[in-house]
Amino acid sequence: IGLRSPHAMTYDADTGDIWIGDVGQGLREEVSVARKGDNLQWPYREGNINGNRAKPSPLIGTDAPPVWAYPRSDGGCVIGGFVYRGQKFAGSLFGKYLVGDHNSRKLWTVTRRPGQAPLVEFLVSMPGQNGGKAQLAGWGSDDEGNVYMCKPNGTGNGNGKIYKLAQSGTRINCRDRDITSPLACHDAGARFAPTFTTKLNGPFP
């Protein structure tokens, strides 16, 4: 309970964690990990700020704040991904949760650190313009450890695209910022770029 509008829920078999990207009402986007009995706090909390209702008493479940929450200045529609366990980018991404935002086009990694703020690293921006309905809509992977991003072409239009994460020669500058508590801000330690793979309506390699 306590979810508002989750976009993707994935299970990390190595840890047993269930990761969720939950779209906020108007002020915060959040990434949460759900465990048995958790209350993920909506509507009395929106991300890491107070929500539009009072906290119920007694509370059903265990109060469980998000792993990471960010303001609408950094996006407006979180698209949850998955914890990377592949070998292709193991040196840079292994064990990190991949997540992006449909509105801002930003992709990040999130690493949980018990007792500390999460390590959030800017990865890369998807190509195109901010806003609209023609941006990141989902994530995927394959047995070789490749990472894919699905980008539709708006509502009711064809020619959406699938991008594959690839190493690039351009160093990425960190674009994250502190939110309500000290937030580690780095680039992902590798050079990445989204490369066009195929149109959603084919042909498929």
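At 32% relative accessibility, Asp-63 counts as partly exposed, a class lying between buried (under 20% relative accessible area) and exposed (over 50%), evaluated with a 1.4 Å probe on protein chains only. Asp-63 forms a salt bridge with Lys-55, the closest N and O atoms being 3.0 Å apart, and Lys-55 is likewise assigned as partly exposed, with a relative accessible area of 47%. The term salt bridge denotes a side-chain nitrogen of Lys or Arg within 4 Å of a carboxyl oxygen of Asp or Glu.

The structure is a predicted model, in which local features need pLDDT of at least 70 and side-chain atom pairs count only at pLDDT 80 or more, whereas totals for chains, interfaces and linings use all residues. Residues are numbered from 1 along each chain as its sequence is written, and side-chain values use heavy atoms, with hydrogens and water left out.

A search of the whole structure yields eight salt bridges. One of them joins Lys-96 to Glu-121, with the closest N and O atoms 2.8 Å apart; Lys-96 lies in the loop between α1 (90–93) and β10 (97–101) and Glu-121 in strand β12 (residues 119–125), so the pair ties together parts that are 25 residues apart in sequence. Helices (H or I, at least four residues) and strands (E, at least two) are DSSP runs, numbered from the N terminus. Both partners are buried, Lys-96 at 14% relative accessibility and Glu-121 at 6%. Elsewhere, salt bridges that share partners join Asp-12, Asp-14 and Arg-85 into one network.
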